[in-house]
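This report describes one protein chain, moving from its overall build to its pockets, its aromatic pairs and a single helix residue. Please keep the sequence and the structure at hand while reading.

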Amino acid sequence: MKLIGSHTSPFVRKVRIVLAEKKIDVDFEIDSPWLAESKVPDNNPLGKIPVLLLDDGTPLFDSRVIVEYIDNLSPNNKLFPAPNRERTEVKRWEALADGICEAATGIVMEKRRPAHQQGSDWIQRQRGKLERGLDFMAEHLGDKTYCMGNHISMADIAAGTALGYLDFRFTDMGWQETYPNLERLYGKLMQRASFAETLPHD
């Protein structure tokens, strides 16, 4: 299999963490849909990363589709519970974390436009999503070690990916001081090789 993506995308990082947790090796091809010569649209008509090319060439896209597929490839280190209420809550954590990443990446891209073309009101709406999302995360994590249950799950990987992206692109946000329980969670996750070895970088 081959994973197509970049080192800066939080959605690509989420997939790379899952691959590492499941101990599945794939080729990693660096590509970004923002490059003029990008081949991403050839594999994903939506022109987004990550894309996972299966052994038969079938492309999978959207990180949520990819990570669920990867989790079902082997029984070790299951990251999604069996279909039940707990699984729904894990997927809710993932949806929330992905929403934070979408708002954050949107702000990053908007701020790359010329200053006179940037939508300040739009940026503020996205910042509001970040703040409400972190409030929700912190409230529902509480004093628990993991987001769900007593071991790492897709909920933790998704939440940790979102926090890592904020740490990477929003250094002035100070979420660590505002949400000490989220800082504790991210610190614990960063002790895992899957997180430490996939840190985003330009």
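A residue counts as buried when its relative accessible area is under 20%, and as exposed when that area is over 50%. The model discussed here is a predicted one, and of the 202 residues of its protein chain, 48% count as buried.

**Overall build**

The secondary structure of the protein chain comprises nine helices and four strands, and read from the N terminus these elements follow the order β-α-β-α-β-β-α-α-α-α-α-α-α. The radius of gyration of the chain is 17 Å, close to the 17 Å that the globule rule gives for 202 residues, so the chain is as compact as a globular protein of that length. Taken along the principal axes, the box filled by the C-alpha atoms is roughly 45 × 45 × 30 Å. Among the contacts with a separation of 6 or more, 66% are made by residues 24 or more positions apart.

**Pockets**

Rolling a probe the size of a water molecule over the atoms shows where empty space is left. The largest pocket has a volume of about 760 Å³, and of the 27 residues that line this pocket, Ser9, Phe11, Lys48, Ile49 and Thr105 are the closest to its centre. Two or more lining residues come from each of the helices α1 (10–21), α3 (63–71), α4 (85–110) and α6 (154–169), and the greatest contribution, six residues, is that of α4.

The second largest pocket has a volume of about 210 Å³. Its lining includes Leu3, Arg16, Leu19 and Ala20, together with Ala193, Ser194, Glu197 and Thr198. Helices α1 and α9 (193–196) each supply at least two residues of this lining, the largest share being the three residues from α1. The classes of residue that line the two pockets are set out below.

| Pocket | Nonpolar | Polar | Charged |
|---|---|---|---|
| Largest pocket | 11 residues | nine residues | seven residues |
| Second largest pocket | seven residues | two residues | three residues |

**Aromatic pairs**

A pair of aromatic rings is described by the distance of the centres and the angle of the planes. The structure holds two such aromatic pairs. In one of them, Tyr165 and Phe168 meet edge-to-face, with 6.3 Å from centre to centre and 65° between the planes. Because these two residues are three residues apart in helix α6, Tyr165 and Phe168 are separated by about one helical turn. Tyr165 has 5% relative accessibility and therefore counts as buried.

The other pair, Trp175 and Tyr186, is edge-to-face as well, at 6.3 Å centre to centre and with 75° between the planes. This pair links distant parts of the chain, for Trp175 belongs to helix α7 (residues 175–178) and Tyr186 to helix α8 (residues 180–189), 11 residues apart. Both Trp175 and Tyr186 are buried.

**A residue in α5**

Is Gln126, with its relative accessible area of 7%, buried or exposed? Gln126 lies in helix α5 (residues 120–141), and it counts as buried because its relative accessible area of 7% falls under the 20% cut-off. Leaving aside neighbours within four places in sequence, Gln126 is in contact with Ala103 and Ile107. The C-alpha atoms of Gln126 and Ala104 are 7.1 Å apart in space, although the two residues are 22 residues apart in sequence.

Key
Residues numbered from 1 in each chain as written. Predicted model: local features only at pLDDT ≥ 70, side-chain atom pairs only at ≥ 80, totals over all residues. Heavy atoms only, no water. 1 Å grid on protein atoms, 1.4 Å probe; cavity = no way out; pocket = protein on both sides within 12 Å on 5 of 7 lines; lining within 4 Å. Points joined across faces, edges and corners; volume = space filled by probe spheres on them. Nonpolar A, V, L, I, M, F, W, Y, C, P; charged D, E, K, R; others polar. Phe/Tyr/Trp six-rings, centres within 6.5 Å; stacked < 30°, edge-to-face > 60°. Buried < 20%, exposed > 50% of the residue type's maximum accessible area, 1.4 Å probe, protein only. Rg over C-alpha atoms; globule rule 2.2 N^0.38 Å. Contact = heavy atoms within 4.5 Å.
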